[in-house]
Amino acid sequence: MNNKSTSKTKAIMSLEVLDLIKDKQGERHSKLQALCSLLDKAVVRYIPNNVPQNTIPRLEECQFITTISELADEWHWHRATVRSFLEKLEELGHLEKQPLAKCFIIEMTCIDNSGLLTSEVSRHFIFMMDYTTDMWLTGKFDRKVIASLCEHIATCSMQHYEASVPERTLEMERAAKNEILHAFIASLLQRIRKSPLVTQEEDRLQQSICSVFIVSLSEDWEKLLLFIEELPEVVLNGNASSFKLVSDEEVALFQQVCENYRVFYKIDMDYYQGLQKHMKVPL
């Protein structure tokens, strides 16, 4: 057999197939199991629980955070073996590592993410998001109309993702839906405050509002718009008039929004009194 260049050859294979063929005998992971572990973490943007939240940057697609010790414990390998394996995958162009203070970011560059939300086609959805939130901020449409537009755009975005990624897992679908909500909430907040944003603070605030939207607001877009409009008063008074906190989980999520909002916006009454003079959305 003559050797031929395979630099442009792609083998499309789902994680389920890799899981099917990998060796599951014994505790020590094979190299195939180790690679599957890395891929699993990449598609859900995995973050260990013991990594301090204030040290975590915003992760991009196919990125996750881990440590050599964590992988060694999971795979039942020596630390040196884990390090050597990652270095070899990096040499082959399958991943890239970015060191942090006590951990590092791994990006699985071998994953073809051309069908995910940051593709060229998705820019149309981002434009629609920004246009809709501008209409909300300037008061050109009432809250009910804007909420209907938000829901429609989010639904279309998810349908686009599903059509672009036919081979997907439930974890990938959840990550895609979270990305859509995250992008919309980011657009809503950025239309209120247009000054430069601190990435980590911005991301924590968006994630906490996203959690409230799912858990407490039952993904009701009109309630979300009202909640964001009332946020300054909500944070200062410590309660929300647009919905009731029923469970301990909802109370914890609401308190997290308030804490992140105070840090992000550095709330003071003079700031918001000045802000109200330039905006039609009631704050």
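These exercises walk through two helices and the confidence of a predicted model.

Residues count from 1 along each chain as its sequence is written. Local features need pLDDT of at least 70, side-chain atom pairs count only at pLDDT 80 or more, and totals for chains, interfaces and linings use all residues, while side-chain values use heavy atoms, without hydrogens and water.

**Exercise 1.** Describe helix α9, from its start to the residue just after it.

Solution.
- Helices are DSSP runs (H or I, at least four residues), numbered from the N terminus.
- Start: Asp-220 caps the N-terminal end, with a side-chain oxygen 3.0 Å from the backbone nitrogen of Glu-222.
- Length: α9 covers residues 221-237 and reaches 23 Å between its first and last C-alpha. The expected span (1.5 Å times one less than the number of residues) is 24 Å.
- Bend: α9 turns by about 65° at Leu-231, and Pro-232 follows within four residues. This is the angle between axes fitted to the seven residues ending there and the seven starting there.
- End: Gly-238, just after α9, has a positive phi of about 80°.

**Exercise 2.** Find which residues of α3 (residues 68-75) are buried, and what covers them.

Solution.
- Buried means under 20% relative accessible area (1.4 Å probe, protein chains only).
- Ile-68, Leu-71, Ala-72 and Trp-75 qualify.
- They lie on the same side of α3, because their arc around the axis is only 100°. The arc uses directions from the helix axis to the C-beta atoms.
- Their cover includes α2, β1, α4 and β3.

**Exercise 3.** State the average pLDDT of the protein.

Solution.
- pLDDT is the predictor's confidence in each residue, from 0 to 100.
- The average is 76, and 73% of the residues score at least 70.

Terms used
Helix = DSSP H or I, 4+ residues; strand = E, 2+ residues; numbered from the N terminus. Polar contact = N/O pair within 3.5 Å; in protein donor to acceptor, adjacent residues only side chain to side chain. Buried < 20%, exposed > 50% of the residue type's maximum accessible area, 1.4 Å probe, protein only. Contact = heavy atoms within 4.5 Å.
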